[in-house]
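Me: I should like to learn how pockets and surface patches are read from a protein model. Could we take them in turn, with the general idea before the case?

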Amino acid sequence: MADHDLTQPPKDAAGVATAAPAGFAEPAPPARAARPARTRSGRPGPVAYLLRLVVIGYLFLLIAWPLYLVGQNAFKDGFDSLRDVLSDPDTVHALLLSLQIAAISVAINTVFGVGISLLLVRYDFPGKRVLNALLDVPLSVSPIVVGLALILVYGGRDGWFGPALEDAGLQIIFSTPGMVLATTFVALPLVIREVVPVLEEVGDEQEQAARSLGAGPLATFRRITLPAIKWGVAYGVVLSLARSMGEFGAVKVVSGNVLGATRTATLVVEEKYLNFDKGGAYATAFLLALVAVASVIVVSVFRPKGKR
Amino acid sequence: MSIEIIDVGKRFGDFVALDNVSVSIPTGQLTALLGPSGGGKSTLLRIIAGLETADTGRIEIEGVDATRLPPQKRNVGFVFQHYAAFKHLTVRRNIAFGLEIRRRPKAEIRERVDELLALVHLTPFADRLPAQLSGGQRQRMALARALAVAPTVLLLDEPFGALDAKVRKELRDWLRRLHDEVHVTTVFVTHDQEEALEVADEIVVINEGRVEQIGSPDDLYDRPANEFVMRFLGPVTQLGGQLVRPHDIRIHTDSPQPGDVLGRVTRITRVGFEIRVEVATGTGEVTTVTLTRDALPTLGLEVGREVALRPVAGAGLTSPADRPALRAAG
């Protein structure tokens, strides 16, 4: 009952018990956790083969083949189209503008996305469900509606508070800030939708442990939360980057599409295509696709296996 | 007194988790918060750690009012049931975490972590990730991590609850020995009365948000304050309308003395070294008596035999509220 076994292990000079670790009978798992062999029953049957064929065919016809054709058309005349595109200052300006806008809106969406995810997962507050539903609006509303909505609010002549901003010397619509706003709007949920499930899976015990060990909120976030969700954030960033680079409708409405000033890469593609410069259109399109595909590949290569 | 809990109350919506609880936890001892699941003991531990805030009342740790202090300012070590290991850090970095936060010199951190690794027998595993450890090893790592910052109090929330029975028993013995070496004021939550009786210096029994009794393991087992404590800490049976422990009943076949309860043996079961005898008494109740294996042949018990039962002196409930029942039975 209360007569505790007080036989103590021998102590070394440091006063530390030196009982052999063998005192714990529980075996440690091997240093490198071996992946269990495939557990599903042996050879796939004919149905499995058929399903694979359907999926592969579907993805091939819908995604791989059309994308491949864009590349093929871009290089129809060798590197000529690509060289022409890259030596045209207006097109280069458009590409750089697209990159710049994408970089800014990805940065904004990452900071706010992680913040909103923490709010959604770690805190309870009235209106949480409404906020959650609201976050999907950017994905469901047509980008062109987004563009028009932004003009109604920020338009320089008769927007809701556009004129006030314009008087203060800040032009939103037909300028970079408006294009950043539009791009940020359409890509808003992507980081959140990647980070929320990861945060939910990780739980908050590690954060509580860090707090009890003396870490303040910022140190806890930087040392514990962020490393735990970093792959979710990385994937969200990649999706946002791809989405932002490719944004067309909303940007077209708010940019004014001024050559060499507010014309982005996607607008260049449309312009060249409509002006029968198919080579230029495909070359620019190829560059756009390249950025998106490259970032997805980079993340899948560096992401540890089995981690989201 | 190391931790003073004064009139602490806590509600979750309509559910009263703690109802004006007051407990003093002595310095340097191993105290168990024991009770059924959902009784409020984990909530109390989390309030001491600052992971929950009390709705009412105060918490003092070593004389400092900690009621409104955030967890990182309380200098407590907390060990979670599911380890809460930092998955992206090695065992060594996990243990060093609190010291790194406190910006201690590198050499000091290394020395302290080496010492703790030896203490919890994890030196060979220092560079592994938590995913490469067994449950027991992870929990020892979590314990070392909590001890690294030299906490004023060490709080353990069902620390062995997620482990299998054998490892649980080993770790329990080991925690007791560790505490005899380190002497840090320790509070652990458990719903396992055997664990509490075996490991703790003092037990606080908590049920439905209230403290039922505080005392040493012997006190609680031998002198339970009420029926709940008596039933929760060990086996009980009825004798003459009174609650008694089955091993606290004398059974004999000689001529009955005044005060003996008469009955007839209905069943004899052997469980290992223990013999359980069920006796149907004249009042219609069935009383269970436990004996050691050796006692059975000398008593000559068999099913159907007339026997006399009497509780040993001092057995049964002795709280004032229950005394009338005891007298009536006597």
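Reply: A pocket is an open set of grid points with protein on both sides, and its lining residues are those with an atom within 4 Å of a point. Please keep in mind that this is a predicted model.

Me: Which residues lie nearest the centre of the second largest pocket?

Reply: Arg122(A), Tyr123(A), Asp204(A), Glu207(A) and Arg211(A) lie nearest the centre, out of 15 residues in the lining. Two or more lining residues come from each of helix H3 (89-122), helix H9 (205-212) and helix H10 (217-246) of chain A. The volume of this second largest pocket is about 450 Å³.

Me: Which element gives the most to that lining?

Reply: H10(A) does, with 4 residues. Sorted by class, the lining of the second largest pocket holds 7 nonpolar, 4 polar and 4 charged residues.

Me: Turning to the surface, which residues make the nonpolar patch of about 1100 Å²?

Reply: Among them are Val55(A), Tyr58(A), Leu59(A), Val293(A), Ile297(A) and Phe302(A). Helix H1 (46-74) and helix H13 (278-302) of chain A are the elements that give two or more residues to the patch. H1(A) gives the most, with 6 residues.

Me: Why can Val55(A) be called partly exposed?

Reply: A residue is buried under 20% relative accessible area, exposed over 50%, and partly exposed in between. Val55(A), which lies in helix H1 of chain A, has a relative accessible area of 45%, and is therefore partly exposed. A residue needs over 30% to be counted in a patch.

Notes: Residues numbered from 1 in each chain as written. Chains lettered and ligands numbered in written order. Predicted model: local features only at pLDDT ≥ 70, side-chain atom pairs only at ≥ 80, totals over all residues. Heavy atoms only, no water. 1 Å grid on protein atoms, 1.4 Å probe; cavity = no way out; pocket = protein on both sides within 12 Å on 5 of 7 lines; lining within 4 Å. Points joined across faces, edges and corners; volume = space filled by probe spheres on them. Nonpolar A, V, L, I, M, F, W, Y, C, P; charged D, E, K, R; others polar. Patch = residues over 30% accessible without salt bridge, like charges linked within 9 Å, V, L, I, M, F, W, Y side chains within 5 Å. Areas by Shrake-Rupley, 256 points an atom, 1.4 Å probe, with all protein chains shown as cover. Salt bridge = Lys/Arg side-chain N within 4 Å of Asp/Glu carboxyl O. Buried < 20%, exposed > 50% of the residue type's maximum accessible area, 1.4 Å probe, protein only.
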